[in-house]
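Welcome, and thanks for joining this tour. Please open the structure in your viewer and get ready to select a few residues along the way.

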Amino acid sequence: MRSQGASAEQLLDIEEMLTPPERELLEKIENSLKKINLLEIEIDQTVFFLEIKISVNCYKLIVDTWNDPTDVKGAVPRIRIESESSGSDDENNSELGKCQRTTSQTFMVAGSMTAASPPKFVSLEEIIQAANGMKDMALVHQIVVDKDFKLERYEPEPNTWHRFVKDNVHKAFWEILKQQLAEDPPNYTQAFILLEDIKSRLFSVLLPQHTKIKQQISDILDSDLIKQQAEQGVLDFPHYAQYVLSVMSKLCAPIRDERIKELGEKTDVIEVFRGILETLDLMVLDMANFTIEMAKPEIIAHSVELERKKFADFLSVQADGLEHTRRWLLRHIDTSVPVPSGIDSTAYIKNITKKAFTEACIDLLEWDENLPYPETFMLDQLRLQDLQQRTIKLILTGSVLLITVSNVGLNLQSIAAFKQSVKEHTSVLLQTQKTEKEMETCLPNIAEQVLNDVKEARKSYNLPQMSEDALQSLKEQILHIANSDNRVKQLVRQRVKEFFLQIIESSTADPQKVPSGLTSLQRELTAVAGQFLRIVAHNSTVFCIYYFDIVEAALSKAA
C-alpha cells in the first residue's frame, strides 16, 4: 500500500492489525522484493551495455559509408574536383542549383585551386550544416584529447546578473512553496508542479529497460491521484519525498548514496525537496558521463574518420580553409629547393612534412596572441593557450631555480627540500598571471621570497648566512630575468623546447631524459609534455593528408 500512495495513517492502522508472525513474513517478502529489484537493475544495466555496443557498431558502419571507397589520400582531391567541376557536371546539376537558389539564400565561394574554375555556390543550409558538423567534431575531439573528459554542471559566475537572476528565481519558488504548504488547508498548486518536475527528472535517469520502475513511478506520482488526495485532505507530501528518495537510492551512483541518506534524515520538507532536485541534476550528469565513458573506446577508435569528414565539410564552404595552416607549416620548409630526382618523391615529401610538422608544433607553445591559429588546430586553441601559459611559468620558475642554486653555495645546492620550497613559492606567486609580461611583473616579489627562503634554509640547517652583497647580487639576477636577452632564461627556454621536441619526435615509448638543471621540475614538465603530445599525435593522425598535400604543392612549384 505504501508503493500505491497510501497515507501514513492508513499504514499505521494496518500495522496495528498485524500479528508478529505476519510481520515477520512481510519483512521476508519485502527483503525478497528488494533483492529482485536490485537484480532487475543489474540485468537492465547489462542489456544497456550491449545496446551501447550495438549502437557504436552502427556508428562505425555509418562512418565507413562517409568515406570514399578509395584510399584515404584519394579522398582529399575529391573535394577539389567538386569545386572545379564544369561542363557536363554543371549541366547535370543545373536544375538542382536552380531549385536551391529559389528556396534558400546562397553564397558564392571563390575557387582556391585554379583561377579558371567557375565560382561555387553554397546554400545557407550547407553552411549551417557544416557549422553543426564542427560542433559534433569539437565534442568528439574533446573526448579524444582529454583523457579526463566529463560533463560538468554549469554554474554562473559569482556577482553576475545570471547568478543573481537564478538565485532569486529559485529562492522565490521555494518561498512560495513554503507559504502554500503553511496555509490552512494547505495549497498544493506549487507542490503539483514540483512533483511533475521530479517525475520527469526520474524518467531521465532511467535506463531504456526500466519499464517496470517507470510504470511504478507513473502510478505513484500520478497527477490525478495526487490531486484527489489533496482535495480529500489526505495528501501526505513528506511521504512522496521519502518514496522519491527510495527510488533515487536504487538508481544513483555510489558517490550519491551519502547525500541521499542525509536527505532522508532531514525533517524540513522544503529542504528535502530542494536537495532532491539538486541531486537529480547530478544523477543526470552521472548517467551522461557513464554513457560517454562506456562508448569512449569506440569513439576514440573512429574519431579520425569522423573528424576528417567534418573538416572536409568545413573546407567545402571556405574560400581557402587552410590559409593559416599553410603559412604556419611552410615556415619550416625551404620551398626553393625542389624534390631531388632519382629518389622516391613520396617518401622524401613524407620525411620533410614530418620534420616540418614537429618543428612547427613547438611554435604553438610560443604563439603570438595577435595571430590566428592554424585551422587544423582551431579546436585546440584554448588547450594550447593553457599549455603555453604553463610552459612560460615553467621557464621562469626554472630560471629562478638555476640562478638561486648557483648562488647559494654547495651546502644548499644538494638539499632537495630547499629547491622544492623555492619552486613551490615561485609557482604560487605566478599562479594567477596569464601572460609573460604579467608574470615578469611578479619578479620583485619572487626575489624577496627567494631571499627569505635562503635565510630560513640556512638557519634551519645551521649554515652561516650569506653576506648582504651576495643577497643583493642574487636579487638583481632574478630581476634581470625580465630582460628578453637574459642568458639564463634563454638557456632554460631552449632546453624546455628541445625536451618537448624529443617527446613528439620519438616513435617509441622510451623514457626521455629531463633537461639538465630542471630535474626539480620533472613532474610539471612531463605533465605539460604528455598533454601536448596527446594533442599533436591526434592532430597528425587526422590531418596528415592535408599537411602532405601542402608540402607537395609547395615543393612542386620549386621544380
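Start by selecting E366, which is partly exposed at 36% relative accessibility. This is a predicted model, so keep that in mind as you look around. Now add K497: the side chains of E366 and K497 meet in a salt bridge, with 3.3 Å from N to O. E366 sits in the loop between α14 and α15 and K497 in helix α21, so this pair ties together parts that are 131 residues apart in sequence. K497 is partly exposed too, at 26% relative accessible area.

Next, widen the selection to E436, E440, K489 and R493; together with E366 and K497, these residues are linked in a network of salt bridges.

Stay with K497 and show helix α14 (residues 345–363) and helix α21 (residues 487–505). Their axes are 10 Å apart and the helices pack at an angle of about 140 degrees, so α14 and α21 are oblique to each other. The crossing is right-handed. Which residues make the contact? From α14, pick T358, E359, C361 and I362; from α21, pick K497, F500, L501, I504 and E505. By class, that contact has five nonpolar, one polar and three charged residues.

Now move to K423 in helix α17 and E524 in helix α22. They form a salt bridge whose closest N and O atoms are 3.1 Å apart. Is K423 buried or exposed? K423 counts as buried, at 5% relative accessibility.

For a last stop, select E271 and R274, a salt bridge with closest N and O atoms 3.9 Å apart. Both lie in helix α12, three residues apart, separated by about one helical turn.

Notes:
Residues numbered from 1 in each chain as written. Predicted model: local features only at pLDDT ≥ 70, side-chain atom pairs only at ≥ 80, totals over all residues. Heavy atoms only, no water. Axes fitted to C-alpha atoms, helices over the stretch in contact; angles between N-to-C directions. Helix = DSSP H or I, 4+ residues; strand = E, 2+ residues; numbered from the N terminus. Parallel < 35°, antiparallel > 145°, perpendicular 65-115°, else oblique. Left-handed = near helix turned anticlockwise from the far one by under 90°. Contact = heavy atoms within 4.5 Å. Nonpolar A, V, L, I, M, F, W, Y, C, P; charged D, E, K, R; others polar. Salt bridge = Lys/Arg side-chain N within 4 Å of Asp/Glu carboxyl O. Buried < 20%, exposed > 50% of the residue type's maximum accessible area, 1.4 Å probe, protein only.
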